[in-house]
Amino acid sequence: MNNAGQMKVNSTSYLIFIALLLITIFLGLILFGCDSRTEQYHIEILAGDPGSHEVVTGFKERMAELGYVEGQNILYSLNDFSTFSDPTQEVRIKTQAAHGADLIFTLFTEVSLVAREASASTGTPMVFAYAAIEDTGLIKSIREPGGRITGVRYPGPEQIIKRLEILNQIAPQNKRIFIVYVRDYATIHPVLTELRTLARSLGVSLVEAEVQGLDDLEKELLMRDQLPDPGMDAILLMPDNVNHSHAGWKMIRDFAARHDLPIAGSFFHAVEQGALFGNANDMVEVGRQAAPLVDKILQGIPAGTIPVVSPEPDLYINYKRAQELGLDIPEGLLRQAKSILQ
C-alpha cells in the first residue's frame with residue numbers, strides 16, 4: 001500500500017475511534033442521568049418549633065447539593081405545628097402523615113412520635129430531625145433503628161450533662177442550681193436521671209420545680225421573687241417546650257437578670273439574650289445532616305438499616321455577661337467556643 005493509501009486508512013480509523021468515543025460518552029451521560037433523581041419525589045415536612053425554619057433551610061440546601069431540584073425532581077410540603085399544645089394539632093399531624101408522600105421528614109420529638117404512629121399503616125419511610133430517642137420508643141437502636149425510620153437524634157442526656165459540667169467549671173462556688181421542667185415531656189426523664197447523678201458527684205444541689213405550663217412557671221418565679229433569697233445560685237435551662245418557648249424563656253431570663261443569676265443556656269440566641277453560655281447544635285447543620293439519610297432512602301436503601309446520626313454540639317460564651325457577674329471563663333473553654341460575645 002502506498003503512503004497515500006496508508007494515510008487514508010489511518011484517517012478513517014481515527015474518525016471511527018472518535019465516533020465510538022463520542023457514542024460511549026453520550027451513552028454514559030444518558031445512563032448517568034437515568035438514576036432515580038430524575039424521578040419526582042414528594043417529601044412531607046412536619047415541623048414543630050423552635051428552630052424549624054433553620055432545619056428546613058439546611059435540609060433543602062443539602063438536598064439541592066445532592067441533585068434534588070425543588071419543583072423539578074422533588075416537591076416539599078411544609079406543615080408547621082409550632083403551637084403543639086393546641087389539642088387539634090395531633091389530629092392534623094396524623095392527617096398529614098397519612099397523605100401518602102414518598103417520605104415524611106419530621107422535626108423534633110413530639111411531632112416525630114405522633115407521625116411515626118400515624119404513618120404506620122401506610123408504610124411511608126420517615127426521617128426525623130432533632131428528636132429524642134431515649135425512653136421514647138422512636139427507634140430500636142442508633143446503629144439499627146429498625147422498621148422504616150431513621151434520622152438525626154437530639155443528644156439530650158449528654159448535652160445537658162455537659163451543660164452542668166461547664167457551669168461547674170465557670171462557677172464552682174454556685175451550689176444551688178435551679179431547674180424547671182415539664183415532668184411528662186418526652187425529653188425530660190432520661191435527662192433528669194443523668195443530671196441528678198452528676199449533681200451528686202459534683203456536690204451541687206438541684207433545686208427542682210415541676211410545672212405543667214407557662215402559668216405554673218410564672219407562679220413559681222413570682223413566688224421566688226418575693227423571698228429574701230430566691231433559693232438558687234444559677235439556672236440551668238432544661239429541654240422542654242416551656243423552657244424553650246418564647247414566653248417561657250423571657251420569664252426565665254428576666255428573673256435571672258433581676259437576681260444577678262447566671263444561666264446555663266442552650267442555643268446561640270439564648271446567649272445573645274443574656275445566658276452566660278450555651279451548648280447546643282446548629283439547627284442548619286442538623287438539617288444538612290438529615291439530607292443524606294433521605295437521599296439513601298430515595299435510592300432504595302431501607303430506612304431502618306441506616307444508622308441514626310448524633311450531631312456534635314457547639315459552645316457559645318457570653319464573655320460580657322461573665323464580666324458583669326464577676327466570673328472568670330477558663331481558657332480551655334474559651335478555646336473550645338464557636339462564638340464568644342464580647
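How are H5 and H6 oriented to each other? These two helices turn out to be roughly parallel, because their packing angle is about 30 degrees and angles under 35 degrees count as roughly parallel. Do keep in mind as you look around that this is a predicted model. Below is a short tour of that helix pair, the strands on either side of H6, a five-stranded sheet and one buried loop residue, Leu325.

**The H5–H6 pair**

- Helix H5 covers residues 156-170, and its axis lies 9 Å from that of H6.
- The crossing that H5 makes with H6 is right-handed.
- On the H5 side, the residues in contact are Gly156, Pro157, Ile160, Ile161, Leu164, Glu165 and Asn168.
- Their counterparts on H6 are Pro190, Val191, Glu194, Leu195, Leu198, Ala199 and Leu202.

**H6 and its flanking strands**

- H6 (residues 188-202) also belongs to a β-α-β unit with E6 and E7, and this unit is right-handed.
- Strand E6 (residues 176-182) runs parallel to strand E7 (residues 205-211), and seven bridges join the two.
- If you would like one pair to locate in the viewer, Ile177 has Leu206 in E7 as its bridge partner.

**The five-stranded sheet**

- An open sheet is built from five strands with parallel pairing, and their order is E2-E1-E3-E4-E5.
- At the edges sit strand E2 (74-80) and strand E5 (149-153), each of which pairs on one side only.
- From one strand to the next, the twist averages 15 degrees.
- Strand E4 (residues 126-131) is parallel to E5 and is joined to it by five bridges.
- Within this pairing, Ala129 has Val152 of E5 as its bridge partner.
- Helix H4 (residues 109-118) lies across four strands, namely E1 (41-47), E3 (103-107), E4 and E5.
- Relative to E4, H4 runs at about 155 degrees.

**Leu325, a loop residue**

- Look for Leu325 in the loop that links helix H11 (319-324) with helix H12 (331-336).
- Leu325 counts as buried because its relative accessible area is 19%, and the cut-off for buried is under 20%.
- Leaving aside residues up to four places away in sequence, Leu325 touches Asp260, Leu261 and Pro262.
- In sequence, Asp260 is 65 residues from Leu325, yet their C-alpha atoms are 6.9 Å apart in space.

Terms used. Residues numbered from 1 in each chain as written. Predicted model: local features only at pLDDT ≥ 70, side-chain atom pairs only at ≥ 80, totals over all residues. Heavy atoms only, no water. Pairing = 2+ DSSP bridges. Right-handed = clockwise from strand over helix to strand, strands pointing away. Buried < 20%, exposed > 50% of the residue type's maximum accessible area, 1.4 Å probe, protein only. Contact = heavy atoms within 4.5 Å. Axes fitted to C-alpha atoms, helices over the stretch in contact; angles between N-to-C directions. Parallel < 35°, antiparallel > 145°, perpendicular 65-115°, else oblique. Left-handed = near helix turned anticlockwise from the far one by under 90°.
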